[in-house]
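This report introduces a protein to a reader who has not met it before. Please look through the sequence and the structure before going on to the sections that follow.

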Amino acid sequence: SSHLESSQHLEDCGWQCQVLSAAMAIARCALITFALIGIACVEGGLRQPNILFIYLDQWRWDWAGFDSVALRVPHMAALAAAGTRFSHCYTPAPLCQPARAAMAAGLEYDASPLQGNGGEYPVDGNYPTYFQQLQASGYHVMLAGKDHLSMPVGTNGSMNAEALGFDDWERTGDKYEIFKPSEPEDQFTFELLKQNFTLYDEMRSCYGAGGQGTCCETIPNLDSENGVWCPLTQPEGPVEMAFPDDWAEAKAEELVGRAPAGKPWFMQVGFPGPHPPFILTEAMNRSIGDRSYPMPLASTNPSLSPEQHQGIRRQYAAQIENLDRLVGKLLHYLQAADLLNDTVVALSADHGELLGDYNMFAKRAPWDGSSRVPLTFMGPGIAQGRVVRKPVTTLDIIGTFLDLAGAIPVGNMSVQSLASSLSVDVEVAPARNHILSGINADSGVTGSWADWRMVVKQIGDGSVMKLVCCLSGCEYIGGNGTIFPEPSSAQLALFNVSEGSVIEENIIGALGMTNVAAELVELLPAGHTASCKELLPSPPLLLL
């Protein structure tokens with residue numbers, strides 16, 4: 001009787017309880033794992049798990065429901081409670097295409113094929129993808145939503161899809177790009193046009209090109225991407241057809257539904273949000289109400305009033321809360337299909353969003369709002385409720401996937417597996433010694449930018465230290481002097497990023513910190529080490 005009551009309770013409480021039940025079953029079957037986790041116990045044997053990678057666009061680390069920002073994200077919170085979360089995860093490059101290309105190739109930014117936006121991932125064989133490695137290990141590889149490796153993807157999504165390593169796909173593009181051409185060039189807008197031409201035309205007017213449609217307003221003297229303030233909601237229509245994130249989730253369900261039986265699958269669900277333009281549906285707009293959020297860090301921008309900041313932040317929050325709903329919807333679908341217990345789920349993002357910090361919006365900067373992202377794993381053999389504080393890189397998400405699949409990284413891939421940090425049996429700190437990130441001066445589609453590199457490392461006392469070296473264009477990331485006092489010249493700065501969402505203050509001149517900076521400078525990419533060493537301050541004199 002108690003067993004029946006327990007089973008009924010698990011059915012009633014949804015996918016979250018099913019995960020807990022599966023964890024107990026794994027413990028009972030005395031799980032033997034490949035790379036410590038991820039191979040399910042099935043009739044005494046081993047098998048590869050399904051892998052679901054939920055990949056958001058422009059989602060900053062402290063807007064995930066775990067830190068100072070109060071968001072209503074019950075599914076993301078449940079996923080973290082049922083799995084392992086990494087508190088200090090950094091992107092190899094805080095810009096869409098470079099971050100995604102580095103992930104696909106398993107390479108650090110300086111070795112990656114795309115150094116800026118506006119290019120095509122090369123499919124000439126010189127940069128094999130981890131998708132291809134998963135295929136070689138027997139996986140059926142699927143993509144739903146945005147990948148940003150091909151521009152455009154085509155109305156059937158086939159542009160370079162097979163060459164990249166996808167077996168099946170439903171693809172769309174960046175929200176800045178999908179309504180830019182005069183006619184559809186991706187599957188989302190093509191289907192929208194076919195189903196409702198009037199709605200397609202209204203959506204195209206609302207979104208416009210590069211976030212400059214009728215639903216958004218330009219803020220004078222604001223150096224940022226367009227579409228950060230969108231007071232008008234998008235035209236009404238079925239969200240699975242008309243809202244990019246909902247479309248991606250619906251397509252993810254379709255892809256799983258037609259995946260071949262008896263074969264492990266991998267799927268990347270590339271949600272286009274919460275990237276600008278911050279356009280909402282009317283229902284999303286109502287859901288956020290007049291809630292307030294923490295103000296930007298060190299903001300002194302006279303062009304934005306506190307209420308405008310709050311309006312922008314409400315729109316960003318509403319997108320994240322809608323994404324949480326979609327994450328829950330997809331996990332419920334897997335539960336109903338009896339697939340969730342055999343699936344490892346990873347939730348992360350390509351980069352963050354500054355959201356007004358240091359007078360900046362968008363990304364491309366080394367500050368944590370831009371370069372640091374959430375990361376959670378959940379699934380068979382993965383420890384529940386664990387938080388790992390040693391810094392990791394999103395590249396090691398890929399290393400973990402390959403490890404789970406029994407695949408070996410190819411070529412000069414620089415990924416490492418996080419499996420030992422996820423193991424339900426014993427926790428081992430991530431193996432990577434330090435984290436790298438950066439952007440070149442010519443990384444944008446137009447104009448120039450800062451040339452900077454960053455290294456993050458946990459030092460002996462457990463503190464997480466971040467060294468930033470900017471060699472040129474430092475005024476673009478200096479935050480109007482809030483971080484770099486002399487942004488017109490090369491800069492070297494050291495920050496302690498151990499704590500929560502706090503203002504990053506340069507401590508390179510503090511007692512003992514010059515030695516720390518000197519150690520971290522040596523870890524920068526070879527092309528930057530010598531020039532950055534010249535910026536080290538002299539150690540302070542000790543008075544006797």
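## The protein as a whole

Two residues are said to be in contact when they have heavy atoms within 4.5 Å of each other. Among the contacts in this protein between residues at least 6 apart in sequence, 71% join residues that are at least 24 apart. The model is a predicted one, and its secondary structure comes to 17 helices and 17 strands. Of the 544 residues in the protein, 59% are buried.

## The surroundings of Q58

One residue that can be followed in some detail is Q58, which is placed in the loop between strand β3, residues 50-57, and helix α3, residues 74-81. Q58 counts as buried because its relative accessibility is 0%, where the cut-off for buried is under 20%.

Leaving aside residues up to four places away in sequence, Q58 touches E225, P274, H275, P276, Y316, D350, H351, G352, E353, A362 and K363. With H275, one of these residues, Q58 also shares a polar contact of 3.4 Å between the two side chains. D350, another residue that Q58 touches, is 292 residues away from Q58 in sequence, although the C-alpha atoms of the two are 6.4 Å apart in space.

## A sheet of three strands

Strands of a sheet pair through backbone hydrogen bonds, and this pairing is either parallel or antiparallel. In this protein, an open sheet of 3 strands runs in the order β10-β5-β13 and has mixed pairing. Its edge strands are β10, residues 372-373, and β13, residues 392-393, each of which pairs on one side only.

Strand β5, made up of residues 89-90, pairs with β13 in the parallel sense, and 2 bridges are found between these strands. Within this part of the sheet, Y90 stands opposite T393, which belongs to β13.

## Enclosed spaces

Rolling a probe the size of a water molecule over the atoms shows where empty space is left. The structure holds 3 cavities of 30 Å³ or more, and the largest cavity has a volume of about 120 Å³. This largest cavity is lined by 18 residues, of which W61, L297, D368, V502 and E504 are the closest to its centre.

What classes of residue make up the lining of the largest cavity? Sorted by class, that lining has 7 nonpolar, 4 polar and 7 charged residues.

Key: Residues numbered from 1 in each chain as written. Predicted model: local features only at pLDDT ≥ 70, side-chain atom pairs only at ≥ 80, totals over all residues. Heavy atoms only, no water. Helix = DSSP H or I, 4+ residues; strand = E, 2+ residues; numbered from the N terminus. Buried < 20%, exposed > 50% of the residue type's maximum accessible area, 1.4 Å probe, protein only. Polar contact = N/O pair within 3.5 Å; in protein donor to acceptor, adjacent residues only side chain to side chain. Pairing = 2+ DSSP bridges. 1 Å grid on protein atoms, 1.4 Å probe; cavity = no way out; pocket = protein on both sides within 12 Å on 5 of 7 lines; lining within 4 Å. Points joined across faces, edges and corners; volume = space filled by probe spheres on them. Nonpolar A, V, L, I, M, F, W, Y, C, P; charged D, E, K, R; others polar.
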